[in-house]
Amino acid sequence: MMYGKVGGKKKGWEAGSHLSDQQRFLWAKTDMNNDERRGFWLPLYVHMADSANVARHLWNEWLPTSERRFISGSLSGDGAIAEALVIWLAGIHDIGKATPNFQCKVSDRAEAVREVGLDVPASQMIKPCPHALMGEVILDGWLASRGWEHPNTYSCIVGGHHGTPPSSEGELRNIKLSSSNFPNEVLGDSDWQFVQSELLEWMLCYSGMEVHEKSLNPLGLLQPVEVLLTGLVIMADWIASNVDLFPLTNGWVSVDELRARANFAWEQLALPPTWHTPDFTLASKASTERLFHERFTGLPKTACLRPAQEAAVWAALNMNEPGLIVIEAPMGNGKTEASLLCAEVLARKFGGGGIAYLLPTMATSNAMFSRVEEWLELLAQSSDAPPQSMQLLHSKAALNSDYTRLRRWNGSWMGDGRGGDEDERVIAHQWFGGRKRGLLASFVVGTVDQLLMAALKTKHVQLRHLGLAGKVIIIDEVHAYDAYMSTYLKRVLTWLGAYEVPTILLSATLPPERRKELMLAYRGHDASSRGRHSHRKGLGEPPRDSAGCPAYPLVTALTRDQKVQDPYTPCSIDGAGTDVCLDFLPDDDEKLVQTLSDLLSEGGCACVLRDTVSRAQATYRMLEENLVDVLDGTRLMLVHSRFIAADRLHNDAELLRLLGPDASIRPQRLIVVGTQVMEQSLDIDFDVMITDVAPVDLLLQRMGRLHRHVRGEGQCNRPARLRRARCYVTGVEDWGANPPSFSRGIDKVYQKALLLRTILALRGRADSEGRIIVNLPHDIAGFVESVYEDCDGEVDETTVPFDVPDTWQSKIDEAERELTKRRADAASNAKTWLLGKPQSRSPKDLVGWLRESLTMTDENVGRATVRDSQESIEVIAVQECSGGLCIFPWVDNVDGSSPTSRSLGDGEMIPDDDAARLAATCTVNLPPALSGPWNAEAIVKALEMSCPIPGWQESRWLKGQLVLVFNEAGEATIDTGIAVYRLRYAQGTGLELIDTKKGEQE
């Protein structure tokens, strides 16, 4: 029996009042597993309308102006067409459920559909087919029948609404063939096709698309637009699928009720609306200075914009279209403040709805979160804007006290009851705390892997693109990423350029070749490692100073398509800089003790920086045994990545407290032994440094922690012998060898070619008496260029500005070949999961866009993938206590208060929620020797068998975690049968692998 079409000719939101019984009885959702909701279901047309209504709210109230403009621009610039299209696509995303293949899945609902005249086979008789793919086939054919010239560019959005578009045209063709061969099992017979057409036409009217169809017929979508539209459809679907907001029914819902239902749900969800920057006028240097002090009230009243800061702000003001700004300036020169000022300017000019600030590590992200939150609070005070959403994105965000304080707002999802301070200006909205949703918040601070995963072929990557495309993106420490990570970074920049996203890159030590690669990537090009292609691609040649060195500081500004021959603005440096006396120290414990004893005889704060955790731990223990008694009152501190998360946060906070700008609590004598965690973005200041050798850019970063703050006139408040900055480079046993050999483990961390180049560059600066003076910041650019110039190929005097001794030549040539090969291998390996470039020249659908994508069980897999690191094994470290497990006695709550209980029970019972939350702060990664692919599975199995914890699976904080149990002496054993590993954990030294023996099965 055939039913008539939707009645009436009403337009827009008043259309579609009449639906046939066949349409009304099709179901979209049920909840057969919930006794309270058993028998309730959601008609398909209701879910279609719910999704459409959510999309309307998202478009008008949440989506940033820049994204609305970008999508509209692809549709002849017509915002009304774009709005209707978004609503319509969200409304029809589940059209694949209007098929016998889907409707047969719930027997009682299938019987109801049969009763209104549609043929539904028994579920056990047919092979299931994904409804998203069926929906794509249905929509593609329907649009083609109505004369749309590029139907596939629209239907692929429906096909990808579960996060993955079809992997090939063959997938879609197979559905069409199956439908032809078995019309009652896949898409259905002519009766089904008529109902599908009815629903599509009903939503065409309901969304307001009916009046725009002729305009869209000839238009095809470009890939970047399709990705954003897919992201919006996914977001609308997720919200509309929340049964707390959109409850199931046991009957029909009228059109008027549909609108009221959606409006009430949107009000309950309470997503913060899109951010609009407050009004400001920057017509002069004085007005810029005034805004500078309004936004950063902690600065001294006499503080002025530095030349690089001023140049960056004016570059943002002078941009005629969204583009890329690269700020290269010394450590501690105010790049953070400059980037936030630029971001505010760019967001106002181009309609950005927020900011994403990405950094290399969790420690730097934590520090930046507090700074950005303070800036945002001050920004909000200058307007009557509604609260803005903010997220901290890394795996230990829940341990950050500033972030957890924000999460109290509207905390019903935490079980704390709904409510909050109505005057709260910055919030952490609960919806953005869900999996894969963090980047959708207006303001985001996090680790760079959150950005790099936008170039990873993985399910729901469209949501990352949707979150990034409406913001201003700031990426700090862009020099810090190796060839593997840079492959992802460059691809992300290409997509950001395609989306016309204002992007700001920050670095103190950026090699010129790396800058060129990043600039070209934003413009959609690949950089060649040789030649002067940058000039032909409109980048011009970067300026040099009077001595022939690269200009520094330097601000670079360019847009994606604008023909700019001179995008560079060289800046001056205030003052003469800091001279660092550099010397080479043999890697010898006795020599280290003697050197520190002499340097700190009158007091002072020293850093001993090692390239590996094991070297840092060994050095700490050696100094503890041999130096502390020699220098009375010496405090010794160890900082590295293998502490439990709670201790890492404490260590970072203690470093900032003792060695930050405030001199009143600076200790009389302190030695900090640490790893690379200290070289980036922590505002700490040492009197003297002893560091393992590293590539020159990282050495310069480390030296930037020397005399970072002025402590009295002429540094007179420092100990007399430390008033001149001194840095000793070690990590080589015999510096007289030609060439020197590096201590164990160092050349596993850094490429030998870069280490050898660094040594030659430093030695080349020695004066007639053999003294090496490095001036920060004046020498930064020259050193970085000399080491990284022409890094792909053999080294001789024609390619580098330093002498290569004959005795070094063969070794350095071998190291260069290895470097070239490893970089090529890294870039090749990265391409395995690398997202393709955006197709922006002509209509192209997303079929195959995520072919052979990475399967992510959780974000740890994605983070490991974009960082070229093996997936680490994370455990919760606990201690044996009477009757079960307990938390280490020194671990306190995030706010510093003591817990009411440290007991976690025996593993069988569900632990107390507060204790479980505290235990979640005790995670630590096992040493790499235990996490390698050759034994990771055996380690995990051994951990699971040694301490069963079924009760933990019922805890929201501990579910899925592994546990490592230490005895009262702080020792634990992991026995895989093949090997027995003995580990130790202490508050002062962190996790150590102290012994490995063969197991009984060996």
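Which residues of helix 22 are buried? In this predicted model, the list runs R514, R515, K516, E517, L518, M519, L520, A521 and Y522. That makes 9 of the 11 residues in helix 22, which spans residues 512-522, so the helix is largely enclosed by the rest of the structure. Just past the end of helix 22 comes G524, and this glycine takes a positive phi of about 90°.

Now for two single residues, each sitting in a helix of its own. Here's how they look side by side:

| Residue | Helix | Relative accessibility | Status |
|---|---|---|---|
| E590 | helix 24 (residues 589-599) | 65% | exposed |
| L755 | helix 29 (residues 752-763) | 0% | buried |

Why does E590 count as exposed? Its relative accessibility is 65%, and the cut-off for exposed is over 50%. E590 also has company out there: together with D588, D589, E733 and D734, it belongs to a patch of negative charge on the surface.

L755 is another story. Its relative accessible area is 0%, so it counts as buried. What does L755 touch, if you skip residues up to four places away in sequence? The contacts are V693, A694, P695, F742, I746, D747 and Y750. Take F742 from that list as an example: it's 13 residues from L755 along the sequence, and the two C-alpha atoms are 9.0 Å apart in space.

To recap, helix 22 has 9 of its 11 residues buried, L755 in helix 29 is buried too, and E590 is exposed in a patch of negative charge on the surface.

Definitions and conventions: Residues numbered from 1 in each chain as written. Predicted model: local features only at pLDDT ≥ 70, side-chain atom pairs only at ≥ 80, totals over all residues. Heavy atoms only, no water. Patch = residues over 30% accessible without salt bridge, like charges linked within 9 Å, V, L, I, M, F, W, Y side chains within 5 Å. Areas by Shrake-Rupley, 256 points an atom, 1.4 Å probe, with all protein chains shown as cover. Salt bridge = Lys/Arg side-chain N within 4 Å of Asp/Glu carboxyl O. Lys, Arg positive; Asp, Glu negative; His and termini not counted. Charge placed at Lys NZ, Arg CZ, Asp CG, Glu CD. Helix = DSSP H or I, 4+ residues; strand = E, 2+ residues; numbered from the N terminus. Buried < 20%, exposed > 50% of the residue type's maximum accessible area, 1.4 Å probe, protein only. Contact = heavy atoms within 4.5 Å.
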